[in-house]
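Trainee: Could you walk me through this model? I'd like to start with the charged pairs and then get to the packing.

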Amino acid sequence: MKNKLLLIMLCISLFACKQNADEKVLYLAHTLPQTHPVHKGIVEFQKILNQKSNGDLTIKIFPDAQLGSEREVLELLQIGSVAITKVSAATLSNFVPEYHVLGIPYLFRDKAHMFDILEGPVGKSILEKGEKFWLRGLCYYDAGSRSFYTSNKAVRTPEDLKGLKIRVMNNQMAINMVNSLGGAATPMAYGELYTAIQQGVVDGAENNPPSFVSSNHYEISKYYTLDEHSSVPDVLLIGTKQWEKLSDQEKTWVQEAANESAQAQKQFWKSSVDESMKIAKEAGVEIIIPEKSLFADQSKSVLEEFKKDHPELIQLVKDIKSN
């Protein structure tokens, strides 16, 4: 790990040497492919910042995990070797505890409620919590809602999950959520999942529509249940070491560009979801619209467990649900 970080820092230094002395360039690294709707939002951020600064402050994007995993890039932000990144709030919760809250099942009533919270005082306060960990949040990007998909059995109610092995991220809240619904949560690397479903090692998984299709899991999972149990956003971050090097005017440009890119990214995400659902339907996937309240009621124990483990975050949960 240490040697890898040193290699990454050397590559960044070599790139920096090629810049003109009067240029100010911020390096932005993330793990997504360039076809992803979140990457498109980042490109919009790059364009808007260039326009606002008249080219005085620019972004150099390193996509496709060129500079490491989400966790590795966060560490590069903390030491100032990379300026900006995009990570899942789930990953960020390992650095900034408040982001744990955003993974609670059925935390948001719907997408409108989610963005009212994220773009309002509560969401902005969470972005600011990272500053003491050298990670300043700029804005949130839409990463959709996660839903169940299965290979051989349709899931219409929580009872249908009983006995099914469902792949989840290696995240305690995701594990608790599936288990609360009667499934058997099975943590597994994402890259192993296609073969695991195909061979019956697991019965299904859960993810958003663009991921369901881009992974080709729709080829072997013929039931997609839009229960939308969690809506964990992505977060655009700047390391405080780089932030503090910016002038007040440059900080304004960066924040305004981030906010404007977030609005554009919502449309990129919607288009990707629409296209993904079309591909899945044409491939013969049955799209199931369940009664979401059944899943929400069954998973309430996850919130109660969370409150026991994180009593200091109970008020934050109340602020979100009461808004």
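Mentor: Sure, one term to begin with: buried means under 20% relative accessible area, exposed over 50%, and partly exposed in between (1.4 Å probe, protein chains only). Keep in mind that this is a predicted model, where local features need pLDDT of at least 70, side-chain atom pairs count only at pLDDT 80 or more, and totals for chains, interfaces and linings use all residues. Residues are numbered from 1 along each chain as its sequence is written, and side-chain values use heavy atoms, with hydrogens and water left out.

Trainee: Which residue forms a salt bridge with Lys-307?

Mentor: A salt bridge here is a side-chain nitrogen of Lys or Arg within 4 Å of a carboxyl oxygen of Asp or Glu. Lys-307 is partly exposed, at 26% relative accessible area. Its partner sits three residues away in helix α13, about one helical turn; helices are DSSP runs (H or I, at least four residues), numbered from the N terminus. With the closest N and O atoms 3.9 Å apart, the partner is Glu-304.

Trainee: Which residues are linked with Lys-52 in a network of salt bridges?

Mentor: Lys-52 lies in helix α2, and one partner is 204 residues apart from it, in helix α11. That pair has its closest N and O atoms 3.3 Å apart, while the other pair has them 3.0 Å apart. The network joins Lys-52 to Glu-256 and Glu-260.

Trainee: At roughly what angle do the axes of α2 and α11 cross?

Mentor: Axes are lines fitted to C-alpha atoms, for helices over the stretch in contact (heavy atoms within 4.5 Å). Angles run from 0 to 180 degrees between N-to-C directions. The contact includes Phe-45 and Ile-48 of α2 and Phe-268 and Trp-269 of α11. The axes of α2 (residues 37-53) and α11 (residues 248-282) come within 7 Å, and they cross at roughly 145 degrees.

Trainee: Which helix gives the most to the largest nonpolar core?

Mentor: A nonpolar core is a set of buried Ala, Val, Leu, Ile, Met, Phe, Trp, Tyr and Cys residues joined through side-chain atoms within 4.5 Å. The largest one has 56 residues, and Leu-92, Tyr-99, Val-101 and Leu-102 have the most contacts inside it. With five residues, the helix that gives the most is α7 (residues 172-180).

Trainee: How far apart are the axes of α7 and α13?

Mentor: The contact involves Met-173, Asn-176, Met-177 and Ser-180 of α7 with Ser-301, Val-302, Glu-305 and Phe-306 of α13. These helices pack at an angle of about 140 degrees, and their axes are apart by 8 Å.

Methods:
Helix = DSSP H or I, 4+ residues; strand = E, 2+ residues; numbered from the N terminus.
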